[in-house]
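Here is a quick walk through the model, going from domains to sheets to single residues. Keep the viewer open and follow along.

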Amino acid sequence: MEKHVRLEGHIPAERARQDPYVYLPFSVPPRTRRIDVAYEYVEPVTAPFGMGPGSTLDIGVFDSRGREFLDGTGFRGWSGAARSEFFLAPRESTPGYIRGPLFPGEWNIVLGVARAEPVGVRYVVDVRLDVAEDGEEVPDDLPVLAGGAVSTVVKPVGQADERGSDGRSGRWLKGDLHCHTVHSDGLNTVRELVDRAIELGLDFLAVTDHNTNTHHEDIEALSDRPIILIPGEEVTTYWGHANTWGLREWVEYRCADQGSMAAVQRFIAEKGGLFSINHPKCVGPPWLFTGWEGFQSMEVWQAMWRFYNWESLERWDNLLQRGERVVAVGGSDTHSVPPAKPRHPHGLAEPTTWVYADEASEAGVLAAIRAGRVFVTDSPERGSRLVLSADEDGGPPAADYGKMMGDEVSGGVVRFRVRVTGGFERRLWLIADGEPFDIIPIETDDATLDFSLDVSGRRYVRAELRGRRGRPERGEVVWAMTNPIWVAQG
Ligand SMILES: [Zn+2]
Ligand SMILES: [Zn+2]
C-alpha cells in the first residue's frame, strides 16, 4: 500500500537568516518498507558554482529516534542540494542516506536554506511510503554503520626515513585530506576514488563527504587495499566548512552560531578526531564563525593558488603570530576523477599533503598532523619537496638537525636546514613571524641550505618554495610550504 504525503510551504528570507533549518514532520506507520522523497523549489540557482540569481535549498532526514542537536541517533542522511530525490529502505538506500529499519513514528525532513532570494523560497516535498499489507514481508536489517576507534593497522606504504640523533624514526607518507564521492556531491564511487589515489602513488586518502558518514562503510570494505583510508566528514554549515578526520560516527552540521560550532568542536575532540577549517577564503566559501580557537588544523592550500589561497595563507600567518599553533594542511576538494568528467581544472592530490609518521596507519597520519610534522606540495610526483629541520646542539660537525616541523626550539641562535627537491629555478622563501627574512634562488634539483638565525623574540620559522606557473604575467605561486618550527615562548 502506498501512502503519499505532500509537504509544501514558503520560507521567508528573514526566517532563513535567523535559522536556516526548517523541519517538516511526517508520520511513518509500522510495517513501512520503503520511503521515497522528492522535492523542488523556486527558483533554484542554475549558474555554475552558485553564481547568478536564485535560491538553494538543501535536504536531509531524521528518523523517529530524534533530531536533537549533536545527538546523532536519528540522523538518516543528507544530500545537500546535490539530489532532487532519495529513498531509504532496510537493505539499501541512496548514497548519503543510512539504510536500516524504518522506525515507526514521527520523522522529520530537514530543509537547509543555503541561499534565499529576497522573496524567500517556496518548496514542495513529496514523501511516498510503501507500507506492507498483512502477510507481506518487512525486512528489518539493522544499520551496519557503527562506531569504532582510529585504526592502527599498519600498511606497507611510505618511505622509511631515520632522522637525527633523538632516535626518531618514521616514514614520509603522502596523501590527500579532502575529497567527495557520490555519498554527497561528488561524481565517483569511493572505490573509483581509492583506485585513482593508488594509481597516483598516494599513501593515504581521507574521504570527506558533506554532512554524512555513509561512505565510511565503503571505506571499511576497501580496508585491504594498499593505502591508508581515513574516514572523514566535511562539516558543511552556512557559516563555513571544516573537515573532521578519524571518527566513524556522524558529526553534527546544523551550526548556526559560534556556540553550536564550539559544541561540535568539543564533540570531535572528545571522540579523538581532528578538526580542520576548510578553505578560509572568499571563494571557499569562507569561515564566518567568530571563533578561531580550539581547532588543530587549517586547509591553507585548497585547489590552485589562483583560487585565492593567498587569503588563507595570510589568515594562517596571522593566527600563528597570535600564538595559535595551527597546523597547515592541503586538500584538493576533488569532486571527480576519471572515468567521471572533470569538475575542476586540478585533480586528486593537487595539492599533496606529506606527513612524517611514526607508523603507516590511520593513527600514524593523524598523530603526525596533530604534531605539525607536515609539508604541502603541488602534486604527488612532479611536486617539489620541502623539509625544514633545526639543530640546537652547536652546529657542525656534530649537527644532527634532530628537530623538524612541528617541534620547538628554545631560543638564541639556532641552525636551520632546508632540503628542497624538485625546486630548480624556483625561489626559497624563509619566513619568521609572517615576514620573509631571506629569498634564495634554487639552482639545483636537490638542494640543502643551512642558515643560522637568532630566534629570540620570535614565535616561528617556516619555509615556502615559490615560482612561476604558466604565463609570467600571472606571477608566482607557492609550489611547496612547510609548517613552522616553533620558538618556545618565555
Ligand atoms: Zn567545502
Ligand atoms: Zn569539500
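Two strands count as paired if DSSP finds at least two bridges between them. With that in hand, look at strand 1 and strand 8 (residues 121–131): they run antiparallel and are joined by ten bridges. Within that pairing, lysine 3 sits opposite leucine 129 of strand 8. Bear in mind that this is a predicted model.

**Domains**

The protein splits into domain 1 (2–131), domain 2 (147–381) and domain 3 (384–490). Between the C-alpha centres of domain 1 and domain 2 there are 28 Å. Where these two touch, domain 1 puts in 17 residues and domain 2 puts in 17 residues. On the domain 1 side, strand 5 (residues 75–80) gives the most, with four residues. Sorted by class, that side of domain 1 has eleven nonpolar, five polar and one charged residues.

**Two open sheets**

Back to strand 1: it belongs to an open sheet of four strands, ordered 1-8-3-6, with antiparallel pairing. Strand 1 (2–11) and strand 6 (85–88) are at the edges and have a single partner strand each, so one side of each lacks a neighbour in the sheet. On average, and ignoring direction, neighbouring strands here are turned by 15 degrees against each other.

Another open sheet of four strands follows the order 20-19-22-25, and its pairing is antiparallel as well. Its edge strands, strand 20 (403–404) and strand 25 (446–454), each pair on one side only.

Here are some of the strand pairings, each with one pair of residues that stand opposite each other:

| Strands | Sense | Bridges | Opposite residues |
|---|---|---|---|
| Strand 10 (residues 168–176) and strand 17 | antiparallel | five bridges | arginine 171 and alanine 357 |
| Strand 17 and strand 18 (residues 374–377) | antiparallel | four bridges | tryptophan 354 and phenylalanine 375 |
| Strand 19 (residues 385–391) and strand 20 | antiparallel | two bridges | serine 389 and methionine 404 |

**Strand 17 and helix 6**

How many residues of strand 17 (residues 352–357) are buried? Six of its six are. In a regular strand, side chains alternate between the two faces of the sheet. In strand 17 both faces are covered: Thr352, Trp354 and Tyr356 are buried on one side, and Thr353, Val355 and Ala357 on the other. Two of these residues also show up in the table: alanine 357 stands opposite arginine 171, and tryptophan 354 stands opposite phenylalanine 375 in strand 18.

Helix 6 (residues 362–371) is mostly covered, with seven of its ten residues buried. Among the buried ones are Val365, Leu366 and Ile369, along with Glu362. After helix 6 comes glycine 372, which has a positive phi, near 80 degrees.

**A closer look at alanine 16**

Alanine 16 is part of helix 1 (residues 13–18). Is alanine 16 buried or exposed? A residue is buried if 20 or more other C-beta atoms lie within 10 Å of its own. Alanine 16 has 22 C-beta neighbours inside 10 Å, so it counts as buried. Setting aside neighbours within four places in sequence, alanine 16 is in contact with Ile11, Val113 and Ala116. For a sense of distance across the model, take valine 387, which is 371 residues away from alanine 16 along the chain: the C-alpha atoms of these two are separated by 47 Å.

Conventions:
Residues are numbered from 1 along each chain as its sequence is written. Chains are lettered from A and ligands numbered from 1 in the order in which they are written. This is a predicted model: local features need pLDDT of at least 70, side-chain atom pairs count only at pLDDT 80 or more; totals for chains, interfaces and linings use all residues. Domain bounds come from an automatic or database domain assignment. Two residues are in contact if their C-beta atoms, placed from the backbone, lie within 7 Å. Ala, Val, Leu, Ile, Met, Phe, Trp, Tyr, Cys and Pro count as nonpolar, Asp, Glu, Lys and Arg as charged, and the others, Gly among them, as polar. A residue is buried if 20 or more other C-beta atoms lie within 10 Å of its own, exposed if 12 or fewer, and partly exposed in between; C-beta atoms are placed from the backbone. Axes are lines fitted to C-alpha atoms, for helices over the stretch in contact, and angles run from 0 to 180 degrees between N-to-C directions.
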